[in-house]
Amino acid sequence: MTPSDNESLPRTILVGVDLGPGSPFDPTLDELALLAESAGDEPVARLTARRKAPDAALFVGEGKADEIKLLVSEHDAASVLFDQALSPAQQRNLERHLGVPVADRTMLILEIFGQRAKSHEGKLQVELARLQYLSTRLVRRWTHLERQRGGVGHRGGPGETQIELDRRMIGQRIKALKLQLEKVKRQRSTQRRSRARNNTYSVSLVGYTNAGKSTLFNALVKARTYAADQLFATLDTTTRQLYLSEAARSVSLSDTVGFIRDLPHTLVEAFQATLQEAADADLLLHVVDAASSTWREQLDEVQRVLHEIGAERVPQLLVFNKLDALEATQRPRNLVDAFEIEGGRSVPRVFLSAAKGEGLDELRHIIAQAAVGAFSALAGHADEGTSATEGSSQEIAVTQDSNAATQNSVSFARA
């Protein structure tokens, strides 16, 4: 991107609030900045605050709201983005106070999903989530939702008539979308049953957004799926056949939607048909960004979501990607070892660089072993070797305790 391109982008102010233990908070606001850039905005300033509880009217309180207003004026910003969810009243009050549009993390992610969805199914899922989100915002937010003056003596005034009409129309559309997505879900179920009858071994890629799932998918099956160093590069599930000469058979490899923290239940619900692809897989390749300073938190949260969608018992292989981004002193001694995930379960782990091709042979070998029914034996063998949870040198030094206190909730978005 050229400097002139940056100058043409809408400027935005990023705001994060630390609400204490148990509340997700990113003091750097780096992920929110990536979200803003993915949506086509240019972050020009960041502001963090600490409160025991959100202010009922302005979320951040009047003093901080004045600071944000000053930043908006200084940087000629066109909008303000909050890293936490705002109530409809808080959003409306902030916009009146700041004089610019205000969006929270939820709205921002829905906007990006709307831009990136390409398939018919993806568009249906995103529209459903956006309408469910919008239905909670019809609280006298727009002037067109007021009752028109009229009648004898021109009596009347602001009322709920148009709000109720809009809410009813949204409700009808939500019902229609759910019926269409239920049809999609049945079609996917039929396809899965067909693969089961054909004895097709299915492998699904899962993981946090921007961990490199699509890059790995392309490297394994020589596909041309869109992959970029950005959040939510694409949302649509892609499935290809991967031939494994060692096993003398092909397996079905799916690049599924990924995960991101703090996504509302509405979007999780909308993407149930797609998420079922991971729950019904024979093997999950859980891709982790080994170069990320928060890989531990990302890994734990993805495990939590897998549990929510009923995929916690699916055999799992950890794929620590972006090995090429690690310093020489941070690289593991062996490309294959074992790692203990939540619940005390030890699973095989392989280090690789999807971009450079390093470690792909080891990954293919493990998938081949799994496809012929030897995955459990492989996991046991790896467990006898170096375990990352026992203080071995296999632990990646770059991620040590840099954000150990961060506790994020996660949902999805594909890398």
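So, burial: of the 415 residues in this protein chain, 51% count as buried. Keep in mind that what we're looking at is a predicted model. The chain has 13 helices and 13 strands. And if you take contacts between residues at least 6 apart in sequence, 71% of them join residues at least 24 apart.

How confident is the predictor? The mean pLDDT of the chain is 80, and 75% of the residues get to 70 or more. There are weak patches, though. Across residues 140–157 the pLDDT stays under 50, and the model gives that stretch 25 contacts beyond four places in sequence. Residues 381–415 are also below 50, and there the model has 118 contacts beyond near neighbours in sequence. When you scroll through the structure, please look at those two stretches with the pLDDT values in mind.

Okay, on to the inside. Which residues have the most contacts within the largest nonpolar core? That core has 31 residues, and the answer is Leu14, Leu108, Leu284, Leu306 and Ala311. Several elements give two or more residues to this core: helix 2, helix 5, strand 8, helix 10 and helix 11. If you want to find them on screen, helix 2 covers 30–38, helix 5 covers 105–116, strand 8 covers 259–261, helix 10 covers 272–279 and helix 11 covers 295–308. There's another core apart from this one, made of 30 residues, and Leu216, Leu242, Leu317 and Ala354 are among them.

Let's zoom in on Leu14 for a second. Leaving out residues up to four places away in sequence, Leu14 touches Leu29, Leu32, Ala33, Ala36, Pro43, Ala45, Arg46, Leu47 and Leu81.

Next, a sheet. Four strands make an open sheet, in the order 2-1-3-4, with parallel pairing. Why do strand 2 and strand 4 each have one side without a neighbour in the sheet? Strand 2 (42–50) and strand 4 (102–104) stand at the edges and each has a single partner strand, so there's nothing from the sheet on the other side. On average, neighbouring strands here are turned by 25° against each other, if you ignore direction.

Stay with strand 4 for a moment. Strand 3, residues 79–82, runs parallel to strand 4, and 3 bridges join them. You can spot Phe82 standing opposite Asp104 in strand 4. Helix 5 lies across strand 3 and strand 4, at about 85° to strand 4. And remember, helix 5 was one of the elements giving residues to the largest core.

There's an antiparallel pair to look at as well. Strand 11 (residues 336–341) and strand 12 (residues 345–351) pair that way over 6 bridges. In that pair, Val336 stands opposite Val350 in strand 12. The two strands form a hairpin with 3 residues between them, and Gly343 takes a positive phi there, near 95°.

Now my favourite bit, the aromatics. How many aromatic pairs does the structure hold? There are 5. In one of them, the rings of Trp295 and Phe320 have centres 5.1 Å apart and planes at 70°, so we call the pair edge-to-face. Trp295 is in helix 11 and Phe320 is in strand 10 (residues 316–321), 25 residues apart, so this pair links distant parts of the chain. Both Trp295 and Phe320 are buried.

Trp295 pairs with Phe339 too: ring centres 6.0 Å apart, planes at 65°, so that's edge-to-face again. Phe339 sits in strand 11 while Trp295 is in helix 11, so this pair ties together parts that are 44 residues apart in sequence. Phe339 is buried, just like Trp295. Add Phe351, and Trp295, Phe320, Phe339 and Phe351 form one aromatic cluster.

Two last residues to click on. Is Glu277, in helix 10, buried or exposed? Its relative accessibility is 6%, and the cut-off for buried is under 20%, so Glu277 counts as buried. Along the chain, Glu277 and Ser189 are 88 residues apart, yet their C-alpha atoms are separated by 9.1 Å.

The other one is Ile366, in helix 12 (residues 360–371). Ile366 has a relative accessible area of 2%, so this one is buried as well. Ile366 and Pro348 are 18 residues apart in sequence, and 8.7 Å apart in space from C-alpha to C-alpha.

Notes
Residues numbered from 1 in each chain as written. Predicted model: local features only at pLDDT ≥ 70, side-chain atom pairs only at ≥ 80, totals over all residues. Heavy atoms only, no water. Core = buried A, V, L, I, M, F, W, Y, C linked by side-chain atoms within 4.5 Å. Buried < 20%, exposed > 50% of the residue type's maximum accessible area, 1.4 Å probe, protein only. Contact = heavy atoms within 4.5 Å. pLDDT = per-residue confidence, 0-100. Pairing = 2+ DSSP bridges. Axes fitted to C-alpha atoms, helices over the stretch in contact; angles between N-to-C directions. Phe/Tyr/Trp six-rings, centres within 6.5 Å; stacked < 30°, edge-to-face > 60°.
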